[in-house]
Amino acid sequence: MRASVIQIAVEDSESVESRRVRVAALVREQAGAADLVVLPELWTTGAFAYELFGSEAEPLEGPTYEAMAKAASDAGVWLHAGSIPERDPRGALYNTSLVFSPSGELVASYRKIHRFGFDKGEAVLMGAGQELVTARLPETTVGFATCYDLRFPELFRGLVDAGAETFVIPAGWPERRRAHWTLLAQARAVENQAFVLACGTAGTHAGVPQAGHSIVVDPWGEVLAEAGSGEEILTVEFDPSRVATTREQFPALKDRMLGLHAPIR
């Protein structure tokens, strides 16, 4: 299976509409080069541009949906279109990922469960997703997570229980915590014996330099490909059948002890 991870540079000087057109063109360029294309988190606005979430929020089937559905169809690829600031019919905001088939059909959407910011930013502006989401591609079952979700291993174990063999993780990860990004991506791959395709942003938005360094990790924790700090398309070929082989050769997941509780003190 071939994947193109597109590490978009998000800069305040570029308008949302201009970036949407530019990114759609980059997706189309992957025709014949990739089976799966992955974009980063909140690439339309920037993950730290909190003041834009409300003004640039769009319905699920809004302008980004339309542009990305068309780009996926034109390129004939599975497209994880990163995430958008979604406004639902009641007016609530969510950080929502969109996944399209090669025919341009929406096959999955995932609302980010763990919102970053503690008592500000995304954590107070956006609602929390309530459901784990997977999608079956011809070669592999994909489980979805977004950025800050990467710090919560129980989410990924839930995705494994739902059949996930590959994790796709769009992000807007800050440069100052780049070491955590790489470490956690490898940890989620090793502990779940799964492939990880983690796509970050480049550039500086809302004054926050981005980590870049999108990364693809195999079920043994080996880094198959890693981007630098600027805008870059990371293309990698990987064999999804290695997940089953790894889990058979080193069946650690079978030794999980479930239902344990902390002692009452």
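1. A good place to start is strand β9: β9 and strand β12 (residues 215-217) pair in the antiparallel sense, with 3 bridges between them. Two strands count as paired if DSSP finds at least two bridges between them. Within this pairing, A198 has I215 of β12 as its bridge partner. Helices (H or I, at least four residues) and strands (E, at least two) are DSSP runs, numbered from the N terminus.

2. Before going on, a word on what you are looking at. This is a predicted model, in which local features need pLDDT of at least 70 and side-chain atom pairs count only at pLDDT 80 or more, while totals for chains, interfaces and linings use all residues. Residues are numbered from 1 along each chain as its sequence is written, and side-chain values use heavy atoms, with hydrogens and water left out.

3. Back to β9, this time with strand β8. Strand β8 (residues 166-170) runs parallel to β9, and 5 bridges join the two. One bridge pairs V168 with L197 of β9. Together with helix α6 (residues 178-192), β8 and β9 make a right-handed β-α-β unit. Right-handed here means that, with the strands pointing away from the viewer, the path from the first strand over the helix to the second runs clockwise.

4. Is β9 (residues 195-199) mostly covered or mostly open? It is mostly covered, as 5 of its 5 residues are buried. Buried means under 20% relative accessible area, exposed means over 50%, and partly exposed lies in between (1.4 Å probe, protein chains only). In a regular strand the side chains alternate between the two faces of the sheet. In β9, F195, L197 and C199 are buried on one side, and V196 and A198 are buried on the other.

5. Next, please look at the open sheet of 6 strands. Its order is β5-β4-β3-β2-β1-β14, and the pairing is mixed. β5 (106-111) and β14 (232-237) each have a single partner strand, so these two edge strands have one side without a neighbour in the sheet. On average, neighbouring strands of this sheet are turned by 25° against each other, direction ignored.

6. At the β5 edge, strand β4 (residues 93-100) pairs with β5 in the antiparallel sense over 5 bridges. F100 is bridged to L106 in β5. Helix α3 (residues 63-75) packs on the sheet, where it touches β3 (78-87), β4 and β5, and its direction makes about 15° with that of β4. Axes are lines fitted to C-alpha atoms, for helices over the stretch in contact, and angles run from 0 to 180 degrees between N-to-C directions.

7. S73 belongs to helix α3 and is partly exposed, with a relative accessible area of 34%. Leaving out residues up to four places away in sequence, S73 touches P102, S103 and G104; contact means heavy atoms within 4.5 Å. From S73 to P102 there are 29 residues in sequence but 5.1 Å in space, C-alpha to C-alpha.

8. For another helix residue, try E56 in helix α2 (residues 50-56). E56 is partly exposed, with a relative accessible area of 30%. Its contacts, not counting residues up to four places away in sequence, are V16, T45 and P85. E56 and S101 are 45 residues apart in sequence and 25 Å apart in space, C-alpha to C-alpha.

9. Two buried residues are worth a visit. Q30 sits in the loop between α1 (16-28) and β2 (36-38), and its relative accessible area is 5%. Beyond its neighbours within four places in sequence, Q30 is in contact with S4, I6, V37, V77 and I233. T141 lies in strand β7 (residues 141-144) and counts as buried at 12% relative accessibility. With neighbours within four places again left aside, the contacts of T141 include T134, R136, G163 and T166.

10. Finally, the whole protein. Its secondary structure comes to 7 helices and 14 strands. The radius of gyration is 18 Å, close to the 18 Å from the globule rule for 265 residues, so the protein is as compact as a globular protein of that length. That radius is taken over C-alpha atoms, and the rule is 2.2 Å times the number of residues to the power 0.38. Of the 265 residues, 55% count as buried. Among contacts between residues at least 6 apart in sequence, 66% join residues at least 24 apart.
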